[in-house]
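Visitor: I would like a close look at a single part of this model, with its surroundings described as carefully as the coordinates allow. Please take one helix and follow it outward.

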Amino acid sequence: MPFDNRGHRSDQEQKHIVSSENADAGSEHDEPVWDVVVVGAGPAGASAAYAAAVAGRQVLLLEKAELPRYKTCGGGIIGPSRDALPPGFELPLRDRVHAVTFSLNGKLARTRRSKRMLFGLINRPEFDQSLVEHAQKAGAVLRTGVSVTRVEQHGPAVPDRRTVAVVLAGGETVLARAVVGADGSASRIGAHVGVKLDQVDLGLESEIPVPPPVAEDWAGRVLIDWGPLPGSYGWVFPKGDTLTVGVISARGEGAATKRYLEDFIARLGLAGFEPSVSSGHLTRCRSDDSPLSRGRVLVCGDAAGLLEPWTREGISFALRSGRLAGEWAVRISEAHDAVDARRQALNYAFAIKAGLGVEMGVGRRMLAIFERRPGLLHAAITGLRPAWNAFADIARGSTSLAGLVRTHPLARRALDLLDRRQAGAAVPEESAPEPETVPGAGAGTRE
Ligand SMILES: Cc1cc2nc3c(=O)[nH]c(=O)nc-3n(C[C@H](O)[C@H](O)[C@H](O)COP(=O)(O)OP(=O)(O)OC[C@H]3O[C@@H](n4cnc5c(N)ncnc54)[C@H](O)[C@@H]3O)c2cc1C
């Protein structure tokens, strides 16, 4: 390996010294060139770094925080997240979910149970660090505590057309044949690529340590509350002695979102327990025509606005897009000219659009319906067995929302019908079928 484990040059670097294919600039630059530099060590970045490193490339993973670092997140690991983990990775599960209590702004609570695990819960600092360690074991080199300020694909810092300069706070420059931007929802690399968004939401969360009797009451069960603001919902995710309690809603309603979280915590009887962490974070969904690359730079995960628009589930999107970005970055790193690099970047975009893009399209439609008719959704999921089964299948990963709509004519027809009503907006909210009155949270049904 031409670099030591802090990502600095070692004796073997010569084979990676930039060649002077650009005669004007080449002689002035003798910096080592990484095959792939990944910016951000969340699930997207760790996945990208792993994919490029197992392909035998020299990979540098840059992270501005020291690890493990906290990330505002419920830590729900659904089937597609589990399936996208690198081989041999052991999920550090804090709990296994077998029951879901659904409520409609605190009312009409009903618990659905399943003998088979629905999804798992992890703590992000632990999960993210394990993913990074997995990438390191595959050969990626990690540098923490370094913030990337920008990337440059032209100009004096760039020795030739096959190279990208990654500029760090403090002025140091790192060179790469390809760059993967995985720096989250406030992404600087996303700004460079020109990522366009059509949805931004604010998530607020509290980590609440609770005494054993409270923890036992929640073990194996999550709560999902369809919230008072359009498109909002709240959750309680148990992690042993701590409950992760959060809400998410469209950005721009900060005070109302905060009030929703406070009310939610109070009515669950959790207001007396002091949170160990209270935090907020934005989530962003790309618009359909948003770019996923620019030159030799790709974006993935939150940095690319890849997120399920309805549930705002993003870990599986980060893992899946990260892996693809790592694989295509390897090809870009081998591209000898701009045309070839462009071809590989377009292939990456195609792979994303054909998979995650389709899922996002269905998610957008679901969100549009949910925004207007949360009661309808609540009634369906708590009252109709096929709807609950669909929820369970999606959580476990045996299908996806998009897969369901593609393969089940009934699901497709129902979504089309709701879409049409939505578009016409002819049916006032009051005429939506009332959710049936259901027994209390504990009385649920078992699959
Ligand atoms: C309240 C809330 C709850 C959520 N709950 C869930 C859930 O239960 N399940 C789920 O699947 N998804 C959930 N999500 C979404 C999920 O958290 C994100 O989609 C996921 O973290 C995206 O991963 P990522 O690797 O793209 O970005 P991140 O996890 O944000 O990682 C980006 C990394 O880049 C680093 N970085 C940023 N800027 C720079 C820079 N300039 N230089 C170097 N490094 C930099 C950051 O420090 C960070 O480590 C939730 C989101 C929110 C807000």
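Guide: A loop makes a useful point of entry, since Pro68 is found in the loop between S2 and strand S3 (76-77), and the peptide bond that leads from Leu67 into Pro68 is cis, with omega near 0°. This is a predicted model, and every value below is computed from it. Most peptide bonds are trans, and most residues other than glycine have a negative phi.

The part to look at closely is helix H2 (43-54), which is among the elements that give two or more residues to the shell around the ligand. For the setting, the chain holds 13 helices and 19 strands, and of its 447 residues 47% count as buried. Among contacts between residues at least 6 apart in sequence, 72% join residues that are at least 24 apart.

The length of H2 can be checked by a short piece of reasoning: at 1.5 Å a residue, its 12 residues should span 16 Å, and because the C-alpha atoms at its ends are 16 Å apart, the model agrees with that expectation. H2 is also mostly covered, with 12 of its 12 residues buried; among them are Pro43, Ala44 and Gly45, as well as Tyr50 and Val54. These buried residues pack against strand S1 (33-39), S2, helix H4 (124-137), strand S11 (173-181) and H8. Just after the helix, Gly56 takes a positive phi of about 85°.

Of these partners, H8 deserves a fuller description. Two packed helices are described by the angle between their axes and the distance between the axes. For H2 and H8 the angle is about 35° and the axes are 7 Å apart, and the crossing is right-handed. On the side of H2 the contact includes Pro43, Ser47, Tyr50 and Ala51, which belong to a set of residues meeting a set in H8 that includes Ile315, Leu319, Arg323, Glu327 and Val330. By class, this contact of H2 with H8 has 13 nonpolar, 5 polar and 2 charged residues.

The ligand brings further elements into the picture. Of the 41 residues around the ligand, Gly40, Gly42, Gly203, Gly301 and Gly314 come nearest. Besides H2, the elements that give two or more residues to this shell are strand S2 (59-63), strand S12 (197-209), strand S15 (242-250), strand S16 (277-286) and helix H8 (315-334). By class, the shell has 14 nonpolar, 17 polar and 10 charged residues.

Some backbone details elsewhere in the chain can be set beside that of Gly56. Asn105, in the loop between strand S5 (99-104) and strand S6 (107-113), has a phi near 50°, a positive value in a residue other than glycine. Because 20 of its C-beta neighbours lie inside 10 Å, Asn105 counts as buried. Leu108, whose place is in strand S6, is not a glycine either, although its phi is positive at about 50°; with 22 C-beta neighbours inside 10 Å, Leu108 counts as buried.

A last residue to place is Ile369, in helix H9 (residues 338-372). Ile369 has 19 C-beta neighbours inside 10 Å and therefore counts as partly exposed, while its C-alpha atom is separated by 9.6 Å from that of Trp310, a residue 59 positions away along the chain.

Notes. Residues numbered from 1 in each chain as written. Predicted model: local features only at pLDDT ≥ 70, side-chain atom pairs only at ≥ 80, totals over all residues. Near = placed C-beta within 6 Å. Helix = DSSP H or I, 4+ residues; strand = E, 2+ residues; numbered from the N terminus. Nonpolar A, V, L, I, M, F, W, Y, C, P; charged D, E, K, R; others polar. Expected span 1.5 Å × (residues − 1). Contact = placed C-beta atoms within 7 Å. Axes fitted to C-alpha atoms, helices over the stretch in contact; angles between N-to-C directions. Left-handed = near helix turned anticlockwise from the far one by under 90°.
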